[in-house]
Amino acid sequence: MYKRQVSGARLDADIHWFPVSSDLQSVWQFVRECAGPCPPLDTIEEETNHEPCLADVLPQIQNQLVRGTHVYLISDFADINEDCKSHLLQLVDKHPVFALHVLDPAELSLPDAGKLVLQEMHGADGEVEQVVDLSDPKLREEYERNADKRQQGIAQQLKEFGCNYTRLLSNMEDLETKIPLPHGLGT
């Protein structure tokens, strides 16, 4: 039986390419690495603040693939924009594209953590402090509504572009049961 091939790219400070493979264990290892929680900010070096943007990487993905290769884009898609549209349309024209939208639960709702003092690390005016009262239920509700609206907008865009969309939370167990696999992968 013909085995399906899968490829992917993860965007960090650099592009991490997942080579074309039909080995199911390799696919799951890559997915687990990509869908886990983000490291704390203090472990990220200064130069990693310049991540490649999705619109710049999509043409590179397109150029590396054999027609029909299944592509898994694993991202928070925070930088999806109009510049991505033509690239994604070209990609889905030749390949099945699976958009795995990975979110941290903290991106979706705020904890009741009382007052926090937030500092902007690289503000134009130096350090800027702002006090936010997370014990305010209205503030948390507004944040949740806005976060939900943003995430639904991303999902809608990816679906309109023709991507197979799956939303994943970084704290999910058993990712294998949540991610759609191409028929015949790993058999």
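# Reading the terms off the model

Biologist: Why does H95 count as buried?
Modeller: H95 has 4% relative accessibility. The cut-off for buried is under 20%. The value of 4% falls under that cut-off, so H95 counts as buried. Keep in mind that this is a predicted model.

Biologist: Where does H95 lie?
Modeller: H95 is in the loop between helix 3 (82-94) and strand 4 (97-103).

Biologist: What makes the approach of the H95 side chain to G68 a polar contact?
Modeller: The distance. The H95 side chain reaches the backbone nitrogen of G68 at 3.4 Å. A polar contact needs an N or O pair within 3.5 Å. The 3.4 Å value is within that limit, so the pair qualifies.

Biologist: Which residues is H95 in contact with, leaving aside its neighbours within four places in sequence?
Modeller: Q62, L65, V66, R67, G68, T69 and V71.

Biologist: Q62 belongs to helix 2 and takes part in its meeting with helix 3. Why are helix 2 and helix 3 called roughly parallel?
Modeller: Their axes cross at roughly 25°. Angles under 35 degrees count as roughly parallel. The crossing angle is under that bound, so helix 2 and helix 3 are roughly parallel to each other. The two axes come within 9 Å, and the crossing is left-handed.

Biologist: Which residues meet where helix 2 and helix 3 touch?
Modeller: From helix 2 (residues 54-64), the residues are L54, A55, L58, P59, I61 and Q62. From helix 3, they are D83, C84, H87, L88, Q90, L91 and K94. This contact divides into eight nonpolar, three polar and two charged residues.

Biologist: Which residues of helix 3 are buried?
Modeller: C84, L88 and L91. These buried residues pack against helix 2, strand 3, strand 4 and helix 5 (137-160). An α-helix has 3.6 residues a turn, so residues three or four places apart point the same way.

Biologist: What happens at the start of helix 3?
Modeller: A side-chain oxygen of N81 reaches to within 2.9 Å of the backbone nitrogen of D83. The limit for a polar contact is 3.5 Å, so this N81 to D83 pair counts as one.

Biologist: What is notable about the phi of F77?
Modeller: The phi of F77 is positive, about 55°, although F77 is not a glycine. F77 sits in the loop between strand 3 (70-75) and helix 3.

Biologist: Is F77 buried or exposed?
Modeller: Buried. Its relative accessible area is 0%. Set that against the cut-off of under 20%, and F77 therefore counts as buried.

Biologist: Why does N164 count as partly exposed?
Modeller: N164 has 35% relative accessibility. Buried needs under 20% and exposed needs over 50%. The 35% of N164 falls in between, so N164 is partly exposed. N164 lies in strand 7 (residues 164-169).

Biologist: How far apart are N164 and V97?
Modeller: They are 67 residues apart in sequence, and 6.1 Å apart in space, C-alpha to C-alpha. Leaving aside neighbours within four places in sequence, N164 is in contact with V97, F98 and A99.

Biologist: How do you know that Y165 is buried?
Modeller: Its relative accessible area is 18%. That value is under the 20% cut-off, so Y165 counts as buried. Y165 is also in strand 7.

Biologist: What joins the side chains of Y165 and H101?
Modeller: A polar contact of 2.7 Å. The limit is 3.5 Å, so that distance qualifies. Y165 also has A99 among its contacts. The C-alpha atoms of Y165 and A99 are separated by 4.9 Å, at 66 residues apart along the chain. Further contacts of Y165 include Q151, A155, L158 and K159.

Biologist: Why is R140 called buried?
Modeller: R140, in helix 5, has a relative accessible area of 18%. Buried means under 20%, so R140 is buried. A polar atom of the R140 side chain lies 3.3 Å from the backbone oxygen of S135. Beyond its neighbours within four places in sequence, R140 is in contact with L110, P111, D112, L134 and S135.

Biologist: How many helices and strands does the protein have?
Modeller: Five helices and seven strands. Buried residues make up 34% of the 187 residues. Among contacts between residues at least 6 apart in sequence, 70% join residues at least 24 apart.

Methods. Residues numbered from 1 in each chain as written. Predicted model: local features only at pLDDT ≥ 70, side-chain atom pairs only at ≥ 80, totals over all residues. Heavy atoms only, no water. Helix = DSSP H or I, 4+ residues; strand = E, 2+ residues; numbered from the N terminus. Buried < 20%, exposed > 50% of the residue type's maximum accessible area, 1.4 Å probe, protein only. Polar contact = N/O pair within 3.5 Å; in protein donor to acceptor, adjacent residues only side chain to side chain. Contact = heavy atoms within 4.5 Å. Axes fitted to C-alpha atoms, helices over the stretch in contact; angles between N-to-C directions. Parallel < 35°, antiparallel > 145°, perpendicular 65-115°, else oblique. Left-handed = near helix turned anticlockwise from the far one by under 90°. Nonpolar A, V, L, I, M, F, W, Y, C, P; charged D, E, K, R; others polar.
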